[in-house]
Structures are given as C-alpha cells and as structure tokens.
Amino acid sequence: MADHASESIAPALPDQLAGGAGAAVSKPGRRPRYSLLTGRDKLVLGLMVGVPLFFDLALIWGPTIASFVLSFTNWNGIGPIQEKNWIGIKNYESLFNAYPFFWPALLHNLIWLAFLMFIATPIGILMAVLLDREIRGSRIYQTVFYLPVVLSLAVIGIIWTLQYAPEQGFINNVLGRTANNNLIDWLGNPNLNLWAALVATSWRHVGYIMVIYLAGLKSVDPALREAAKVDGASERQIFFRVVFPVMAPINIVIVVITVIEALRAFDIVYIFNRGKNGLELLSTLITNNGISESNRVGFASAIAVILLLISLGPIIAFLARTMRENRR
C-alpha cells in the first residue's frame, strides 16, 4: 500500500514545482530549466529599465536625431516638411561662410572655456586645498562658497544683473561711478559684458569645483602625505608631486565638467541681454534663430549639430578613459 501511495504522489511533484519561484520547467526529453525570477519580478525589472529608456529616447535621442535631420532643411516650424524644404548642406555653408555671428560666438565659447579652465577652476581647487586643512570655521566657509551652487544660473543671472546696474548697482556704487558722465555700462558695453558674464558664472563654478575637489581630497591616504613630510617635502611639493597625481580621476572629471559647462553656457547671457551685442554664444544663436520672427528652425538645428559635435569630444575622451580603467 505504501508503494501505491508513493507512485500516486510522485507524478504530482513536477506540477507543484512549476508554479513557484525558482520553478523547474521541464519538457519530455529535455533537462528542466530553472528561473530565478517570477513573473512579477520580470515585470518590475522591465518597468525599471523600460521607463527610463523611453524618456531617454524621447527627450534626448529623439530631439538629437530630429535636429540632425532638420539641419538639412529650411523648415520654419510651421506645417509639414515638404520636398521643397530639403536644401542639403546649404545651412552649413551659410553658417561657415555668410553668417556673421557664428565665428564670434565660437570664439566667445572658447574664451568662456579658457576662463573657467585656467582661472575659475584653479581658484576652486585652491579653496578646496585650504579648507582641507580643517581651519577654524571651515564648515561656514564651505557653506558660503557652496551657496551659489544651489541656485540656478537663471537666478544667478538676475542677481548679477542687479549688481551690474549702471546707477543703482552695487559695483558702480562701490567704485564711485554713479554720475552720468562716468557710469560703467557693464552689460551694454560689448567690450565688457563678456567678462562681466564670466565673473558671474565663475561665482557659481568656483563653489562647484571646490566641493568636488574637497570630497576627493578627503579620500587621499594620509600616510602618503606623512611619508612626504618625513622626506622633507614642502606643502607645495606634497600637493603637486603626491596629492595631485593621486587625484587624477577627480582631475579628469573636473576637466570634463568644465568643458561641458563652457559649451552649454546659456542662462546668464540670455538673462543679461539675450546673447546679443558682444555676448553671442552658440547656445544663444540656436535660440535666437529657432525662436524668433524668422523661425529659422533648420538653420538653428545646424548650429545645434555643430555644438553637439564639439561637445562629444570631451565626453568620448572621458568615457574611453573610464572604460580603460575598468578593464584593468
């Protein structure tokens, strides 16, 4: 009787296993396959991957591809794109040869990059090194220097517009240049407004770099510094010969961030004077051509493609270096 009971129970075991987590799925003549994920797990995993992927394609890659396609048209943003709208590379030819603002805007972007890279970024690194020494009130200094970072660039632009105001502005009042015959028009003078915008954007950039570099300095092994001190190295030698080389990954990140910040600069100059009269940047040219009375969407898309190609350089270099380090 026991043998008969065991025979009746044995065939039911595969059916019971097939319904649970880690179930075995078997077919005649094949070895059973085991799945570690239930149907609900697969659904959750699909949503976690699918939803971000959808938004990435819709909000990033979709507009990127659309800009590339539109750059070969003279579409003005109204109505469907017809065969007569396709003009080939004429937008690019006009951009390089006939458009008077392209090369000055590109030069301004390069000046923006050089200023952030060689002036604002070193100041942020210097502040991080000083605060890393745990001086009295370092927490207060960190908060004060980091405060502009939590503000958007549009808000910073509004703040500095008030500081640069010719008559009521703080800067002219400090300099005593408030009379009508000696006013300094910081934002209206094309010889000054670019540098005024760079000072305003550096106010935020310095604090951003300081926080990133300070976090990296906290991770440096103190034994390296102690060994260098025992060998008689000065503070300057310890930083440039010991700490700075160890901070190579952070240095690369800072370089990439600085390049991207310089190329995508837009908010401050658009708040100042809509990117005109000496403040032309590639980003403002895109807006002024694409959203204006002329509605030159195709031409603005060509500028956007050029800006994208320039931006891809540091991004690809950073990703290539990261991948090489991960393989080691």
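Here are a few worked exercises on the pockets, a helix crossing and a cavity in this predicted model.

**Exercise 1. Find which elements line the largest pocket, and describe its lining by class.**

Step 1. Start with the space: the largest pocket holds about 650 Å³.

Step 2. Look at the wall. It takes 21 residues to line this pocket, and T64, A304, L307, L308 and S311 are the ones nearest its centre.

Step 3. Map the lining onto elements. Those giving two or more residues are α3 (39–70), α12 (248–263), α14 (282–290) and α15 (297–327). Helix α15 has the largest share, with seven residues.

Step 4. Sort by class: you get 14 nonpolar, five polar and two charged residues.

**Exercise 2. Do the same for the second largest pocket, and work out how its lining divides by class.**

Step 1. The second largest pocket has about 430 Å³ of space.

Step 2. Its lining counts 19 residues, and nearest the centre sit V129, R133, R225, E235 and F239.

Step 3. On the element side, α5 (102–131), α10 (222–230) and α11 (235–246) each give two or more residues. The largest share belongs to α11, which brings six.

Step 4. Now the classes: 12 nonpolar and seven charged residues, with no polar ones at all.

**Exercise 3. Decide how α7 and α9 are oriented where they cross, and list the residues that touch.**

Step 1. Take the axes of α7 (residues 153–163) and α9 (residues 193–218): they come within 10 Å and cross at roughly 130°.

Step 2. Classify the angle. Roughly perpendicular runs from 65 to 115 degrees and roughly antiparallel needs over 145, so α7 is oblique to α9.

Step 3. Add the handedness: α7 passes α9 in a right-handed crossing.

Step 4. Pick out the contact. From α7 come L153, I156 and W160, and from α9 come V199, A200, T201, W203 and R204. By class, that contact has six nonpolar residues, one polar and one charged.

**Exercise 4. Search the whole structure for cavities of 30 Å³ or more, and say what lines the largest.**

Step 1. The search turns up one cavity at that cut-off, and the largest cavity has about 70 Å³ of space.

Step 2. Read off its lining: W112, L153, T201, E261, R264, A265, F266, D267, I268 and V269. You've met L153 and T201 already, in the contact between α7 and α9.

Step 3. Ask which helix gives the largest share. That's α13 (residues 267–273), with three residues.

Step 4. Finish with the classes: six nonpolar, one polar and three charged residues line the cavity.

Note on methods: Residues are numbered from 1 along each chain as its sequence is written. This is a predicted model: local features need pLDDT of at least 70, side-chain atom pairs count only at pLDDT 80 or more; totals for chains, interfaces and linings use all residues. Side-chain values use heavy atoms; hydrogens and water are left out. On a 1 Å grid over the protein atoms alone, a cavity is a set of points where a 1.4 Å probe fits but cannot get out, and a pocket is an open set with protein on both sides within 12 Å along at least five of seven lines; lining residues have an atom within 4 Å of a point. Grid points are joined across faces, edges and corners, and a volume is the space filled by probe spheres set on the points. Helices (H or I, at least four residues) and strands (E, at least two) are DSSP runs, numbered from the N terminus. Ala, Val, Leu, Ile, Met, Phe, Trp, Tyr, Cys and Pro count as nonpolar, Asp, Glu, Lys and Arg as charged, and the others, Gly among them, as polar. Axes are lines fitted to C-alpha atoms, for helices over the stretch in contact, and angles run from 0 to 180 degrees between N-to-C directions. Angles under 35 degrees count as roughly parallel, over 145 as roughly antiparallel, 65 to 115 as roughly perpendicular and the rest as oblique. A crossing is left-handed if the near helix is turned anticlockwise from the far one by less than a right angle, and right-handed if clockwise. Contact means heavy atoms within 4.5 Å.
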